[in-house]
Amino acid sequence: MREITLSQAVNEAIAEEMRRDPTVFLLGEDVAEAGTPFKVLKGLVEEFGRERIIDTPISEPGFTGIAVGAAMTGSRPIVDLMFGDFLFLVMDQICNQAAKTHYMSGGKLNVPMVLRTNMGATRRSAAQHSQSLHALVAHIPGLKVAMPSSAYEAKGLMKTAIRDNNPVIIFEDKLMYQEKAPVPEEEYLIPFGQANIVRAGTDVTFVATSSMVQVAQKAAVILSGEGIEAEIIDPRTIVPLDEATILESVRKTSRAIVIDEGHQNYGVTAEIAARISEKAFYYLDAPVQRMGAMDVPVPFSPALEDLTVPTPDGVADRARRLVRGEI
């Protein structure tokens, strides 16, 4: 297998699906010649033209609403939302329209659209461009939510999302766009609701999302040198969530730490921890631990920003104390 970046993987997935299905088109701010500020979509407009790679005005509610309508009438639009922080601008279109149309039409209408956006702090982009807001949309019935942790996941999940008949929100971590991973040249799809066991272990389970998978992997290496073996589960999608794989791992290790870059209060860590506590309680040797972003606006100061999200050393320390019975 060749190694490509996460950015290239997303680009490939979209190009392959646009070649396969003429109803797929993409719209958003600076997506054509600019290829987005992160250059993820570079080159697509040359192949598919401005009729299918559409630069929009700076009006997120407007072009997201257009995509919802297009999806209801036979197209498969991909909305490029420049920053995940702009989700607040399109909550009505996504949460009141896209998520509910199938239900409110008695199953007669579908909204097969994808909204791809990003998340993640530590890029020095300050409070309005550094948030991880996936828990907001995961709370809304009717939406599916994917969180790729590498180039391999990014391509497979994007292709699945484009073919899905439901609205799907995909969050890509901004810091991972240039990270490389092995990606097959032949076509593949990753089913939603199927977690990946990234690393096998016996002493503690790490359930980690998006870039926190890499944080968990680095923590696991530290712990392995101390005789503590961590198992790492990447859910891939938080809606639907692969409960079975998570619970099977926790029943084996008897300890769990849930790691996510979203704010900790009322977030993804709370939901997954609650499910583990409810359904694997009698297998636990210690309380389920949660590690998320601090509940503060993301600072612009690099020294302060780096303190707001989980780190490998922090995860390793929490796991070490958990296994030793100090928590």
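Serine 210 lies in the loop between strand 10 (204–208) and helix 8 (212–224); helices (H or I, at least four residues) and strands (E, at least two) are DSSP runs, numbered from the N terminus. Serine 210 has a positive phi of about 50 degrees, although this residue is not a glycine. The model is predicted, so local features need pLDDT of at least 70 and side-chain atom pairs count only at pLDDT 80 or more, while totals for chains, interfaces and linings use all residues. Residues are numbered from 1 along each chain as its sequence is written, and side-chain values use heavy atoms, with hydrogens and water left out.

**Backbone**
- A cis peptide bond runs from valine 239 to proline 240, with omega near -5 degrees.
- Proline 240 is placed in the loop between strand 12 (237–239) and helix 9 (243–253).

**Domains and their interface**
- The protein divides into domain 1 (3–182) and domain 2 (196–323), with bounds that come from an automatic or database domain assignment.
- The C-alpha centres of domain 1 and domain 2 are 26 Å apart.
- Domain 1 gives 26 residues to the contact and domain 2 gives 25 residues, where contact means heavy atoms within 4.5 Å.
- About 2000 Å² is buried between domain 1 and domain 2, 57% of it on carbon and sulfur atoms; buried area is the accessible area (1.4 Å probe) that two parts lose on being put together, summed over both.
- On the domain 1 side, Arg124, Met147 and Ser149 lose the most area to domain 2, together 28% of what that side buries.

**Polar links between the domains**
- Between domain 1 and domain 2 there are 3 salt bridges, each a side-chain nitrogen of Lys or Arg within 4 Å of a carboxyl oxygen of Asp or Glu.
- Arginine 124 and aspartate 306 meet through their side chains in a salt bridge (2.8 Å, N to O).
- Across the interface of domain 1 and domain 2, 14 residue pairs are in polar contact, both residues at pLDDT 80 or more. A polar contact is a pair of N or O atoms within 3.5 Å; within protein, one must be able to donate a hydrogen and the other to accept it, and residues adjacent in sequence count only if both atoms are side-chain atoms.
- Helix 6 (134–138), strand 6 (144–146) and helix 7 (151–163) are the elements that give two or more residues to the side of domain 1 that touches domain 2.

**Salt bridges overall**
- The salt bridge count comes to 27.
- One salt bridge joins the side chains of lysine 159 and glutamate 16 (2.9 Å, N to O).
- Lysine 159 lies in helix 7 and glutamate 16 in helix 1 (residues 6–20), so this pair ties together parts that are 143 residues apart in sequence.
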